[in-house]
Amino acid sequence: MKPEILVLGTLWTPDTRARLGELFHCHFLADAAEGAGAAWLAAAGPGIRGVLTTGVIGLDCATLATLPALEIVAVHGVGVDSVPRGALAARGVLLTNTPDVLTDDVADLAVGLLLACVRRLPMLDRYVRSGQWEAKLPLAHARSLKGKVAGIVGFGRIGQAVAERLVPFGLQIRYFQRSPGPQPERRSASLLALARESDMLIVCTPGGASTHRLVDAEVLDALGPEGTLVNIARGSVVDEAALVAALESGRLGAAALDVFENEPKVPQALLGSDKVVLTPHVGSNTVESRRAMAALAVANLAAHFRGEPLPTPVG
Ligand code: NAP
């Protein structure tokens, strides 16, 4: 008999759904009738041994409580901050994610956001489309990257991939993370020190309690009126109200954000600001990364139910 799994979210392609169907007896929560999710879960829950979910959706404790036979949670994504890791560990439930396969695409987006922000590409696009160019309206100069210092917050897989991409632009790299990392001479003594030493901060940490509002008003002030913040990590890592206040008062120069505190809600002050570039949490949203992430998430589930080592366990 195929193991029963619960599949959360709607991003599964027909290919992935077909592969899942070959390996497992799948319960797609999205297929439950609207408003009937709880009853549907109560009926299916007792037989479910695995969960496939996304990094954004994760798994909440109420759903976990309906799954007494759960053995494994496979997250399609590298961030596991939306999963109750303590509760899973207490029940001996395994957890996997999909590191590495998305690193290059997320790093590419971080660099794209930085360039778009520093060279003000969205604003320039609007300038051309709206006829301001033809009307010869004044246009301020942007800033160059060469010779500036890029501070990477979280020098892990994605942080290092961002750094590799920025060196050819003539940027100097500095970073901060808690543990000693590679190139120790580039590591700042603290996040605050990194912000003071940098012209731009690129946030590449995980989300969760240990990074909650790590980038606060003090850090933003240290980055300063000419500074640029790029966040591709999690919205929770940046104090969004402090960010809005810093941008509005001119204490921070600009920001490029792929992630937000209450996605998909974005504060009106950011939506109306010319100082920000906004994308809808799409760091890994390429055909190639999403295909590889789905394959790896499914491979983790399959390995578990075959009694084989997990390709990418968390922790
Ligand atoms: P990783 O290799 O584990 O790197 C994370 C880095 O953050 C580590 O070097 C870690 O070092 C550092 N870090 C953790 N807590 C910190 C803290 N409190 N202060 C400073 N540094 C801290 O993970 P990754 O693969 O690079 O992924 C990073 C994150 O990117 C993911 O967890 C996810 O949230 C985000 N992400 C976003 C998207 C998107 O679509 N925008 C896509 C993929 C991933 P220490 O533990 O030594 O501090």
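This briefing describes the sheets, helices, selected residues, cysteines and ligand surroundings of the structure above. The model is a predicted one. One open sheet has six strands in the order β7-β6-β8-β9-β10-β11, and another open sheet has five strands in the order β2-β1-β3-β4-β5. The ligand is surrounded by 28 residues.

**The six-stranded sheet**

- The strands of the sheet β7-β6-β8-β9-β10-β11 pair in the parallel sense.
- Strands β7 and β11 (276-278) are at the edges with a single partner strand each, so each has one side without a neighbour in the sheet.
- From one strand to the next, the twist averages 15°.
- Strands β8 and β9 (residues 228-231) are paired in parallel through four bridges, and Val203 has Asn231 of β9 as its bridge partner.
- Helix α5 packs on this sheet, where it touches β8, β9, β10 (254-257) and β11. The direction of α5 makes about 150° with that of β9.
- Strands β9 and β10 run parallel and are joined by four bridges; the bridge partner of Leu229 in β10 is Ala255.
- In general, side chains in a regular strand alternate between the two faces of the sheet.
- Strand β10 is covered on both faces, with Ala254 and Ala256 buried on one side and Ala255 and Leu257 buried on the other.
- Helix α10 (residues 240-249) lies across β9, β10 and β11 and runs at about 145° to β10.

**Helix α7**

- Of the ten residues of helix α7 (residues 157-166), seven are buried, so the helix is largely enclosed by the rest of the structure.
- These buried residues are Ile158, Gly159, Ala161, Val162, Ala163, Arg165 and Leu166.
- The elements against which the buried residues of α7 pack are the helix α5 (103-118) and the strands β6 (149-153), β7 (172-176) and β8 (200-203).

**Ala150 in strand β6**

- Ala150 belongs to strand β6 and is buried, because its relative accessibility is 0%, below the 20% limit for that class.
- The C-alpha atoms of Ala150 and Met200 are 5.1 Å apart in space, although the two residues are 50 residues apart in sequence.
- With residues up to four places away in sequence left out, the contacts of Ala150 are Leu166, Leu171, Gln172, Ile173, Arg174, Ser198, Met200 and Ile202.

**The five-stranded sheet**

- Pairing in the sheet β2-β1-β3-β4-β5 is parallel.
- Strands β2 (25-28) and β5 (94-96) are its edge strands, and each pairs on one side only.
- Direction ignored, neighbouring strands of this sheet are turned by 20° against each other on average.
- Five bridges link strand β3 (residues 50-54) with strand β4 (residues 72-76) in the parallel sense, and Val51 has Val73 as its bridge partner in β4.
- Helix α12 (residues 287-306) packs on the sheet and touches β1, β3, β4 and β5. Its direction makes about 170° with that of β4.

**Val7 in strand β1**

- Val7 is part of strand β1 (residues 4-7) and counts as buried, at 0% relative accessibility.
- Apart from neighbours within four places in sequence, Val7 is in contact with Trp12, Leu20, Cys26, His27, Phe28, Leu29 and Leu52.
- Val7 and Leu64 are 57 residues apart along the chain, and their C-alpha atoms are separated by 13 Å.

**Cysteines**

- A disulfide is a covalent bond between the sulfur atoms of two cysteines.
- The count of disulfides in this model is zero.
- Cys204 takes part in no disulfide, because the nearest cysteine sulfur, that of Cys117, is 15 Å away, whereas a disulfide requires sulfur atoms within 2.5 Å.
- Cys204 is buried, with a relative accessible area of 11%.

**Ligand surroundings**

- Among the 28 residues that surround the ligand, the closest are Ile158, Gln177, Arg178, Ser179 and Ile232. Of these, Ile158 is also one of the buried residues of α7.
- Arg178 has a polar side-chain atom 2.8 Å from an oxygen atom of the ligand.
- Ser179 has a polar side-chain atom 2.4 Å from an oxygen atom of the ligand.
- An N or O atom in the side chain of Asp258 is 2.8 Å from a nitrogen atom of the ligand.

How values were computed:
Residues numbered from 1 in each chain as written. Predicted model: local features only at pLDDT ≥ 70, side-chain atom pairs only at ≥ 80, totals over all residues. Heavy atoms only, no water. Buried < 20%, exposed > 50% of the residue type's maximum accessible area, 1.4 Å probe, protein only. Helix = DSSP H or I, 4+ residues; strand = E, 2+ residues; numbered from the N terminus. Contact = heavy atoms within 4.5 Å. Pairing = 2+ DSSP bridges. Axes fitted to C-alpha atoms, helices over the stretch in contact; angles between N-to-C directions. Near = heavy atom within 4 Å. Polar contact = N/O pair within 3.5 Å; in protein donor to acceptor, adjacent residues only side chain to side chain.
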